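These are my notebook entries on a structure that is new to me. I record what I looked up, one topic at a time.

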Amino acid sequence: MDSQRAGAVHGTAEVIILGAGPAGLVLGNILRAAGVDCVILERAARADLGTRARAGFLAANTVRVLDRHDLSDGLRRHGQPHSTCEFRTDGGRFRLDYASLGRGEGHTVYPQQYLVADLLAHYEGAGGRIRFAAEALAVRDADAGRTPPSVTVRTGDGDPVRWQGRYVAGCDGRHGAARRSIPPGAVRRHRIDLGVSWLGLLAEAPPSLDAVGYAVHSRGFAGHMARTAQVTRYYLQCARGTAAVDRSDAQLWDELELRMRAADHGPLHRGRFLQRAVFDLESDVLEPLRHGSLFLAGDAASLLSPSAAKGANLAVLEAELLADALFAALRHGSTDALDGYSARALTHVRQAQRFSQWMIRLLHDVPDLAPATDTVPTTVSDSGDRSEPSPYHTPLQRRPCLDTLRTSRAEQDWFAEQYVGV
Ligand code: FAD
């Protein structure tokens, strides 16, 4: 049997949601509370879902969205307010209390896996339907006019089954079935390789400073971000192709201390690394975020580098936009908001992307992005061909000087607004 095809309809829902990350679970919760019949199909087993440590810095607007839908209990109880970042260079260090600048807003630090666990508990507690170990293989008939869309799903060793709905929400990340199911040429893909790689480390160790730490060093960037009282995330810029396991924990701590100038500013709290992963900083945005009755949200719509901590925040924002639009279409017969969803979401994506890239230039030497004359980096198409300048990439100014950020109140206000905003 063709693994992408399945016969009889196994289940139906008004909205089929692929993926139970922040995007899928926020969408599911809002739709469920509004009385919309939906089902979430999640590839992972239940036990694995709440264990994936990724994001931690939630913007004020994200907290407002979660508040609005009564989804913020856990983060209100256990999240930590955060408002300071510290830059370290060979010229010394300076701190910005960004919550007292710009719009006067800070972050709430709450690990993504805890948020996912809260959202899942809330969804299931309200009677929401979810299937674990249910891997979507393909979305079919999204653009087939009168034929409703369906999703073929692998649920075990048997033949794939088929779910049918009015709409499908692709919240299954960059490598999920939603993106894969869009026929070539149906949407544009703006992919920019930023030429920088980071080794992301999760340390079983308390934070070493009461701020996000950004160290600019001739050996490369190093970063420090609190997660909980016992766990801290670190980043080390590394060469392309570096293996995550090629150095011992002690060697990595030595390198972190060197780049973060521990000799001048105090040692780091060391501990075992719980997680190591190398990722290339790139952005990968589709346009529009729709193919017929299939809509994309979160990383499935736009993957941004974690340089400015925007991904989970965009995922929550987009989930709310999409939920409102689906509700209007299903309950009031008005598709205006659905028709406008992609443009609205992409406005936020563009802003977040611009700031992420600004941060990358601030913290790294990025020759390709910082040419002598300002040029617009080009979109790399799927085939790897160079194509037209990307509209998601405004011309980048020259590398902004950390000195300006240290001394100019106007620059600091702008930074604070962009840093916390989505
Ligand atoms: P995901 O969280 O990836 O969820 C997608 C879900 O879909 C998963 O559960 C997956 O199992 C499931 N799935 C995949 N394929 C299928 C399929 N075929 N069928 C069914 N289910 C499927 N963002 C921030 O805002 N702040 C931060 O501080 C931050 N820090 C980060 C640090 C790191 C190291 C990384 C890697 C990312 C960070 N991000 C941060 C980005 C953030 O984690 C992501 O943007 C966020 O997880 C996106 O949520 P999502 O729901 O779109 O996708």
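**Entry 1: Arginine 88**

I began with the surroundings of arginine 88, setting aside its neighbours within four places in sequence; the residues in contact with arginine 88 are Arg93, Leu209, Tyr214, Ala215, Val216, Met260, Arg261 and His265. I note that the model is a predicted one. Arginine 88 belongs to strand 5, which covers residues 84-89.

Is arginine 88 buried or exposed? I found a relative accessibility of 4% for arginine 88. Buried means under 20% relative accessible area, so arginine 88 counts as buried. I then looked up one partner by distance: methionine 260 is 172 residues away from arginine 88 in sequence, and the two C-alpha atoms are 6.8 Å apart in space.

**Entry 2: The whole protein**

I next turned to the overall picture. The protein holds 12 helices and 21 strands. Its radius of gyration is 22 Å, close to the 22 Å that the globule rule gives for 422 residues, so the protein is as compact as a globular protein of that length. I also recorded the extent of the C-alpha trace, which spans about 65 × 45 × 45 Å along the principal axes.

How much of the protein counts as buried? The share is 55% of the 422 residues. For the accessible surface I noted about 17,600 Å², with 48% of this area belonging to carbon and sulfur atoms.

I looked up the contacts by sequence separation as well. Among contacts with a separation of 6 or more, 72% are between residues 24 or more positions apart. The pairs of arginine 88 with methionine 260 and of leucine 66 with valine 316 are examples of residues far apart in sequence that I chose to look up.

On charge, I found 49 positive and 49 negative side chains. The centres of these two sets lie 1 Å apart.

**Entry 3: Helix 3**

Helix 3 covers residues 60-68, and arginine 68 lies in it. The buried residues of this helix include Ala60, Asn61, Thr62, Val63, Val65 and Leu66.

I followed leucine 66 further, which is in helix 3. At a relative accessibility of 0%, leucine 66 counts as buried. Which residues are in contact with leucine 66, leaving aside its neighbours within four places in sequence? I listed Val26, Leu71, Ser72, Leu75, Leu115, Leu119 and Val316. Valine 316 is 250 residues from leucine 66 in sequence, with 8.2 Å between the C-alpha atoms.

Arginine 68 gave another result: its relative accessibility is 52%. Exposed means over 50%, so arginine 68 counts as exposed. From arginine 68 to isoleucine 30 I noted 9.8 Å, C-alpha to C-alpha, with their positions 38 residues apart in sequence. Just after helix 3, aspartate 70 takes a positive phi of about 65 degrees.

**Entry 4: Backbone details in loops**

I then searched for other backbone details. Aspartate 141 has a positive phi, near 60 degrees, in a residue other than glycine. Its place is the loop between strand 9 (135-140) and strand 10 (150-154). Aspartate 141 is partly exposed, with a relative accessible area of 36%.

Alanine 309 is not a glycine, yet its phi is positive at about 55 degrees. I located alanine 309 in the loop between strand 19 (302-303) and helix 9 (311-332). Alanine 309 is partly exposed, at a relative accessible area of 26%.

Which residues does a cis peptide bond join? I found this bond between glutamate 287 and proline 288, with omega at about 0 degrees. Proline 288 sits in the loop between strand 16 (273-287) and strand 17 (290-291).

**Entry 5: Aromatic pairs**

My last search concerned aromatic rings. How many aromatic pairs does the whole structure have? The search finds 21. I examined the pair of phenylalanine 415 and tyrosine 419, which is stacked: the centres are 4.8 Å apart and the planes 20 degrees apart. Planes under 30 degrees apart count as stacked.

Why are phenylalanine 415 and tyrosine 419 separated by about one helical turn? The reason is that they are 4 residues apart in helix 12 (residues 409-420). I checked both for accessibility: phenylalanine 415 counts as buried at 0% relative accessibility, and tyrosine 419 is buried with a relative accessible area of 3%.

Conventions:
Residues are numbered from 1 along each chain as its sequence is written. This is a predicted model: local features need pLDDT of at least 70, side-chain atom pairs count only at pLDDT 80 or more; totals for chains, interfaces and linings use all residues. Side-chain values use heavy atoms; hydrogens and water are left out. Helices (H or I, at least four residues) and strands (E, at least two) are DSSP runs, numbered from the N terminus. The radius of gyration is taken over C-alpha atoms; the globule rule is 2.2 Å times the number of residues to the power 0.38. Buried means under 20% relative accessible area, exposed over 50%, partly exposed in between (1.4 Å probe, protein chains only). Contact means heavy atoms within 4.5 Å. Accessible areas come from the Shrake-Rupley method with a 1.4 Å probe; for residues, only the protein chains shown count as cover. Lys and Arg count as positive and Asp and Glu as negative; His and the chain ends are not counted. The place of a charge is taken as NZ of Lys, CZ of Arg, CG of Asp or CD of Glu. Rings of Phe, Tyr and Trp (its six-membered ring) pair if their centres lie within 6.5 Å; planes under 30 degrees apart count as stacked, over 60 as edge-to-face and the rest as tilted.
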